[in-house]
Amino acid sequence: MLGVQLLLLIGKTVPIPAPNELIQALETVEVTQNDEGRSGFQITFRAGRAGFRDLLDDRLLQTSRLNPLNRVIIAMIFGVVPQVVFDGIITHRQFSPGAQIGGSTLTVTGEDVSIMMDLEEQIREHPAQNEVVIANKLIVSYAQYGLSPLVIPPLSFSVPNPVQRVPVQHATDLEYLNQLAELAAYVFYVIPGPVPGTNIGYWGPPVRAGLPQPALTFNMGSDTSVDSIAFQENVLSATTFKGQIQDSLTNRKLPVRSFVPTRLPLSRTALLNPP
């Protein structure tokens, strides 16, 4: 009954509600969510001089709220409950003057808060720490952006013996998290929310289980829910592994082989069963 409202917070590390001049100039908001890699957003404002306050320059170009590396939180309010849609950092600004009145626009583009984990390359040792401990430690170190870890331990991992091996990081924190995730066929991405100012750093297997979603309906008149849809099947994508490992203490060789997938299949017939 209260409708749908847009909540826009902009500022430094702790953003605050956008001023009235930004809300009045707001034209479009676009958000792209990815479950592999970083998500992004783009906000377009109408720009143009009007009145004595804009004799020197447009007010939007003078405000510090839209400075690069400022934080932006976008939430939708359904009734009275805010649902966080995006939490990110401004990385790019573009001003496009228009030849006609009201044709000028100011566009700000950004990525989710994980971009702050990808700014500085580190050379750092992680002695006696496995992938789970390292992932939790790296995510917690960015608590100023509301990041809290959700780390799912792999089916198989071991604590490295410092006498034999010490994990050494030669990358940014984000790159190293992705490297560790790739070793376990995991993914890392940031989930905004559940409340404004908080984020979840998910490090774990791709999420395939959950409640059934409504069907995607195409070419069914008023019941159509998608403009287009396509299906594909790549029989060369499924792989199995077999080989041997050598125990460093006993010097014995042990066979290793994969038989069945450890994740829920997306198709009714598994590709590992060739025709």
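In this predicted model, seven strands form an open sheet in the order S2-S1-S5-S6-S7-S4-S3, and their pairing is antiparallel. Its edges are strand S2 (16-17) and strand S3 (26-32), each of which pairs on one side only. S3 runs antiparallel to strand S4 (residues 40-47), to which six bridges join it; within this pairing, glutamate 30 has glutamine 42 in S4 as its bridge partner.

The structure holds four salt bridges, and three of them are set out below.

| Basic residue | Acidic residue | Closest N to O |
|---|---|---|
| Arginine 38 | Aspartate 118 | 3.3 Å |
| Arginine 71 | Aspartate 87 | 2.7 Å |
| Arginine 124 | Aspartate 173 | 3.3 Å |

Arginine 71 forms its salt bridge with aspartate 87, and this pair links distant parts of the chain, with arginine 71 in strand S5 (residues 71-78) and aspartate 87 in strand S6 (residues 81-96), 16 residues apart. Arginine 71 is buried, at a relative accessible area of 3%, and aspartate 87 also counts as buried, at 2% relative accessibility.

Arginine 38 forms a salt bridge with aspartate 118, a pair that links the loop between S3 and S4 to the loop between strand S7 (104-112) and S8, 80 residues apart. Arginine 38 counts as partly exposed because its relative accessibility is 27%, and aspartate 118, at 24%, is likewise partly exposed. A network of salt bridges links Arg38, Glu111 and Asp118.

The side chains of aspartate 173 and arginine 124 also meet in a salt bridge; since aspartate 173 lies in helix H4 and arginine 124 in strand S8, the pair ties together parts that are 49 residues apart in sequence. Aspartate 173 is buried, with a relative accessible area of 3%, whereas arginine 124 is partly exposed at 26%.

Helix H4 (residues 173-183) has Asp173, Leu174, Tyr176, Leu177, Leu180 and Ala181 as buried residues. They lie on the same side of H4, because the arc they cover around the axis is only 165°. These buried residues pack against strand S8 (122-125), helix H3 (131-140), strand S10 (168-171), strand S11 (187-192) and strand S12 (199-204). On the face of H4 turned away from its buried side are the exposed residues Glu182 and Leu183, and just after the helix, alanine 185 takes a positive phi of about 60°.

Elsewhere on the surface, Leu216, Phe218, Ile229 and Phe231 make a nonpolar patch of about 480 Å². Of these residues, isoleucine 229 lies in the loop between S12 and strand S13 (242-246) and counts as partly exposed, at 36% relative accessibility.

Terms used:
Residues are numbered from 1 along each chain as its sequence is written. This is a predicted model: local features need pLDDT of at least 70, side-chain atom pairs count only at pLDDT 80 or more; totals for chains, interfaces and linings use all residues. Side-chain values use heavy atoms; hydrogens and water are left out. Buried means under 20% relative accessible area, exposed over 50%, partly exposed in between (1.4 Å probe, protein chains only). Helices (H or I, at least four residues) and strands (E, at least two) are DSSP runs, numbered from the N terminus. The arc is that of the directions from the helix axis to the C-beta atoms. Contact means heavy atoms within 4.5 Å. Patches are made of residues with over 30% relative accessible area and no salt bridge: like charges are joined within 9 Å, nonpolar side chains (Val, Leu, Ile, Met, Phe, Trp, Tyr) within 5 Å. Accessible areas come from the Shrake-Rupley method with a 1.4 Å probe; for residues, only the protein chains shown count as cover. Two strands pair if DSSP finds at least two bridges between them.
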